[in-house]
Amino acid sequence: MSENPQIEQNQPSAQPMKITMLADSTAGKTCYILGMYCGMWMQDHGFSICSIDDNDDKELNNNWARLLNEKAPDRFPAPTSQNKVYEFQFLSGHNPITEFEWIDYRGDVLQDNPNQQDVQEFNQHLQAASCLFLCLSGEHFQEPVTAKNKATIMYKTKALYMNQYLNKVKRYNKGLFPVIITLSKYDYCYKRKEALIEDIKSIFPGLFQPNSNWIVLICPVTLSFKLAEDPDTTEITAYNCHYPLIFAQYCSLRKQMIESYNSMERLEEELEELKSNLFKQLINLRKIKRIEKQLENLEDEDKKRTKSYKYMYIKKLAEYLNQAHESNADIYVNGERRLINIDNPL
Ligand SMILES: Nc1nc2c(ncn2[C@@H]2O[C@H](COP(=O)(O)OP(=O)(O)OP(=O)(O)O)[C@@H](O)[C@H]2O)c(=O)[nH]1
Ligand SMILES: [Mg+2]
């Protein structure tokens, strides 16, 4: 037991969240990681991320520095040739809250032979994912999605494959599952801002159905609003790149707290059943005592939890996310656009 309870409560949970981003090659996956990793520091919310591996940290910082240098011959990262799993910590100030893994891969794995080794590795990561990012390049949304061009857009963005992957995710997971649709290279289509949401909804109809058990953030991101017009621009802003991660962390902490409430509920039901008549009570005396003790411990934990840093962080993340819709980043729960209830952010 730590002598300092404050530090103990701030330890990240043992199981790191796994995040998988589904996207076509050149959609901007690797650039997005840079925008998220370094762009996080350009915000005033006080949250940040750091790589657990020092070499990765150095590489990410160097790649970011090259992006900012329009004269660098290799300004943009080379196409990814092999899988790379990053291990990150998410922090408030300099206090770690959670850990998460992020896989970067060559976009073609989405359509390649499932027997290939890197495709298998990718599929394993995906199966364990607790949060899914779908990344669509804004290059494909310069014109409205219509009945005529829908098949082409769904093929070019790989939305067709993504919808099929969503079926798999539903097979492995119960309960509200978080999906983040990042519309990368938003600089190509920001003039169509108002119409984009309907375009996106039309290519992922399953994500926006009532009772579909998805919690979805749609978030346009770009390295710079000038990049499409002027690829030599120096102005890298990493617009909105932090919101998807904040949403993912909010969903992960929320899930952790709800799971502990659920285990309390299950025990209470069991106890009620064991105490439902005198005969049952007599033959289950020891079991009843054990469950009562477990519940006592959980209640103590629960009291601590609502006063805990985790709960405080959930509220802070939720408050921050509620402001995100001003930047066109909206949350949908079971198809309905929502703000998070700050008084009850679970
Ligand atoms: N206009 C614009 N171009 C971008 C942006 N982000 C990335 N790009 C361009 O897109 C190219 C591909 O980006 P990457 O991040 O390498 O794409 P990827 O999805 O990792 O590609 P693979 O590794 O080949 O699967 C970059 O070289 C840039 O030229 C953006 O926000 N706006
Ligand atoms: Mg890449």
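Two strands are taken to pair if DSSP finds at least two bridges between them. In this predicted model, strand β1 (residues 17–23) meets that condition with strand β5 (residues 131–137), for five bridges join the two, and they run parallel. Within this pairing, Ala23 stands opposite Cys135 in β5.

The pair belongs to a wider arrangement. Nine strands form an open sheet, and their order is β2-β3-β4-β1-β5-β6-β7-β8-β9, with mixed pairing. At the edges lie β2 (47–51) and β9 (336–338), each of which pairs on one side only. From one strand to the next, the twist averages 30°. As a general matter, the strands of a sheet pair through backbone hydrogen bonds, either parallel or antiparallel.

Further along the sheet, strand β6 (residues 177–184) pairs with β7 in the parallel sense, over seven bridges. One of the positions in this pairing is Ile181, whose bridge partner in β7 is Ile218. Strand β7 (residues 214–220) has seven of its seven residues buried, so it is largely enclosed by the rest of the structure. In a regular strand the side chains alternate between the two faces of the sheet. In β7 both faces are covered: Trp214, Val216, Ile218 and Pro220 are buried on one side, and Ile215, Leu217 and Cys219 are buried on the other.

The helices may be considered next. Helix α2 (residues 29–39) is mostly covered, with 11 of its 11 residues buried. Among them are Lys29, Thr30, Cys31, Tyr32 and Ile33. Helix α2 also contributes to the surroundings of ligand 1, supplying three residues, the largest share of the shell. That shell comprises 21 residues, of which Cys31, Phe76, Pro79, Thr80 and Gly107 come nearest to the ligand. By class, the residues around ligand 1 are nine nonpolar, eight polar and four charged.

Helix α11 (residues 309–324) permits a check of its length. At 1.5 Å a residue, its 16 residues should span 22 Å, and because its end C-alpha atoms are 22 Å apart, the model agrees with that expectation. The buried residues of α11 are Lys310, Tyr313, Ile314, Leu317, Ala318, Tyr320, Leu321 and Ala324. These residues cover an arc of only 170° around the axis, which puts them on the same side of α11.

A contrasting case is found in helix α10 (residues 285–306), where Leu285 lies. Leu285 counts as exposed because it has 10 C-beta neighbours inside 10 Å, and the exposed class takes in residues with 12 or fewer. The C-alpha atoms of Leu285 and Lys275 are separated by 9.3 Å, and the two residues are 10 residues apart along the chain.

Two loop residues deserve attention for their backbone angles. Most residues other than glycine have a negative phi. Thr26, although not a glycine, has a positive phi of about 65°. Thr26 is placed in the loop between β1 and α2. With 14 C-beta neighbours inside 10 Å, Thr26 counts as partly exposed. Lys185 likewise has a positive phi, near 50°, and is a residue other than glycine. Lys185 lies in the loop between β6 and α7 (193–203). Is Lys185 buried or exposed? Lys185 counts as buried, because it has 26 C-beta neighbours inside 10 Å, and 20 or more suffice for that class.

Terms used
Residues numbered from 1 in each chain as written. Chains lettered and ligands numbered in written order. Predicted model: local features only at pLDDT ≥ 70, side-chain atom pairs only at ≥ 80, totals over all residues. Near = placed C-beta within 6 Å. Helix = DSSP H or I, 4+ residues; strand = E, 2+ residues; numbered from the N terminus. Nonpolar A, V, L, I, M, F, W, Y, C, P; charged D, E, K, R; others polar. Axes fitted to C-alpha atoms, helices over the stretch in contact; angles between N-to-C directions. Expected span 1.5 Å × (residues − 1). Arc of directions from axis to C-beta.
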